[in-house]
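User: I have a two-chain model open and would like to check the wording used for it. Could we go through the terms one at a time?

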Amino acid sequence: MENLKETCLYDSHLALGAQMSPFGGFIMPIQYSGIIPEHNAVRQHCGMFDVSHMGEISVSGPDAAAFLDYIFTNDVSGLEPWHARYGMMLYPDGGVVDDLLVYRLDAPGSYMLVVNASNIEKDFEWICAAAAGRDVQVKDRSGDFGQIALQGPDSEAVAAKELGMDLSSLVFYTFCETEFEGEKVVASRSGYTGEDGFEFYGSPSVIRRIWSALLAAKVTPCGLGCRDTLRFEAGLPLYGHELGPDISPLEAGLGIFVKTSKPDFIGKSAVLALKEAGLERKLVGIELQDKAVPRAGYPVEHDSAQVGTVTTGYISISTGKSVCMAFIDTAFAEKGTMVGVRIRRKLFPGTVCARRFYECRYRK
Amino acid sequence: MSRIIEGLSYSESHEWVKVDGDIATIGISDFAQKSMGSIVYVDMPEEDDRIEQNEEFGAVESVKAASDLYSPVSGVVTERNAALEDEPGLLNKDPYTNWIIRVRMDNPAEIEALMDAAAYSEFVAGQE
């Protein structure tokens, strides 16, 4: 068994009796009170997640913007200070190295990349290799930061009342520097649940104190279990399921984060070639008629032939419907197409639909 | 500690069986429902389906995972607990009154291969 890393909030998870499990090289809380009550807390009020396992990589220097425009699919040169953008790093063949957030910090030529825990080392090596000969410094800062996501419609009010942070001026995908008990914290209006909310970055000690303050205020601690049910309902991809080295962002429906108008970026020619050739498969939503749980890896069928594969599926906690995301041959990707998902021995009929199962409530 | 009821027979895959003549009523133990968490779906066989001892006959699903059900006996399904279709969480509330299927057994002697409450207590203690 590999050596699992602990986040700065590990002791608190144990004290709260969390069910712990390995994830992305870390030992992480899957649930505390249960996935369903935690999910509902985020949808109805707010909940908090330890997301300290996420990686932070700083890129800075005179050439940083141009360099990031070359390794990242979204536009970086046009990014204002205190703004963040979502996008991907691609391999030359158009597969996905990782999906990530790029934050433009206030200091000139200074950026922070927030990447998936399971990809930290791979991303760091990839970025360093691409940076050879360029006037940029790349540092893995993952060990310097803890991170808490406070998510749900009550997040702004809770941050004001319990943390003394007035974050009302932030809109989605912007951030600011603030403090908690005299120590610096970065607060970003972002998250991965389909709800309004914030992500706080700070030293392990200040992150522990914020966590304790929110716990004392009875904010629901939430595990990775409901983080997955929430992001799934919001139609957000998870690396390893809807994204990966063998998946194009176009197939995953993430073309709007791939700016082919940029002069060049790694993977651009592959993206253009795929656009020209047309997609063979697409990520869609499927809603089953009857209750059953379509899980990752289950076949999607049409006329007794397999035409796709489920990537993530649940009985949606917010709507009660049996739904999944699946990659499906383009010929069957039209909304309204009747397909079936094979669950153990039985074929469950369903209909292709949008892959967002929940109306997101971001503060734009 | 999970609850274990006297007078039932238990399998190593955490199903319980209550025998009444040649009819076996089958459910899952308190240990099983606790380790699964909130149950959101129960996949049950149809009436008149044949099931075989130690073979999969359905599944109980929590939010995150599916757990196969293994039959402690061989026979023909005579009844499925339709209440679980609308309210699978009944298995969390009381896994012993909320049975899953009833089976007409081919060979009631198969029960002898299962554990009694005392043996199952010991078996579960080794897993808790």
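Analyst: Happy to! Contact here means heavy atoms within 4.5 Å. By that rule, 17 residues of chain B are in contact with 15 residues of chain A. Please keep in mind that this is a predicted model.

User: What area is buried between chain B and chain A, and which residues of chain B lose the most?

Analyst: The buried area is about 1,300 Å², and carbon and sulfur atoms give 48% of that. On the chain B side, B:Tyr41, B:Val63 and B:Lys64 lose the most area to chain A, together 46% of what that side buries.

User: Why is the pair B:Asp43 and A:Lys346 called a salt bridge?

Analyst: The rule asks for a side-chain nitrogen of Lys or Arg within 4 Å of a carboxyl oxygen of Asp or Glu. The side chains of B:Asp43 and A:Lys346 meet at 3.0 Å, N to O, so the pair satisfies that cut-off. Across the interface of chain B and chain A the rule finds six salt bridges. There are also 11 residue pairs in polar contact between the two chains, both residues at pLDDT 80 or more.

User: Which elements of chain B give two or more residues to the side that touches chain A?

Analyst: They are strand 4 (39–43), strand 6 (56–62) and strand 7 (66–70) of chain B. Strand 6 gives the most, with six residues. By class, that side of chain B has eight nonpolar, three polar and six charged residues.

User: Within chain A, what makes helix 5 and helix 6 roughly perpendicular?

Analyst: The axes of helix 5 (residues 155–163) and helix 6 (residues 204–216) come within 10 Å and cross at roughly 105°. Angles of 65 to 115 degrees count as roughly perpendicular, so the two helices of chain A earn that label. Where they meet, A:Val158, A:Glu162 and A:Leu163 of helix 5 face A:Ile210, A:Ala213 and A:Leu214 of helix 6 in contact. That contact has five nonpolar, no polar and one charged residues.

User: How do you know that A:Arg231 and A:Asp228 are separated by about one helical turn?

Analyst: Both belong to helix 7 (residues 224–233) of chain A and are three residues apart, which means about one helical turn between them. Their side chains meet in a salt bridge at 2.9 Å, N to O. Over all chains, a search of the whole structure finds 32 salt bridges.

Note on methods: Residues are numbered from 1 along each chain as its sequence is written. Chains are lettered from A and ligands numbered from 1 in the order in which they are written. This is a predicted model: local features need pLDDT of at least 70, side-chain atom pairs count only at pLDDT 80 or more; totals for chains, interfaces and linings use all residues. Side-chain values use heavy atoms; hydrogens and water are left out. Buried area is the accessible area (1.4 Å probe) that two parts lose on being put together, summed over both. A polar contact is a pair of N or O atoms within 3.5 Å; within protein, one must be able to donate a hydrogen and the other to accept it, and residues adjacent in sequence count only if both atoms are side-chain atoms. Helices (H or I, at least four residues) and strands (E, at least two) are DSSP runs, numbered from the N terminus. Ala, Val, Leu, Ile, Met, Phe, Trp, Tyr, Cys and Pro count as nonpolar, Asp, Glu, Lys and Arg as charged, and the others, Gly among them, as polar. Axes are lines fitted to C-alpha atoms, for helices over the stretch in contact, and angles run from 0 to 180 degrees between N-to-C directions. Angles under 35 degrees count as roughly parallel, over 145 as roughly antiparallel, 65 to 115 as roughly perpendicular and the rest as oblique.
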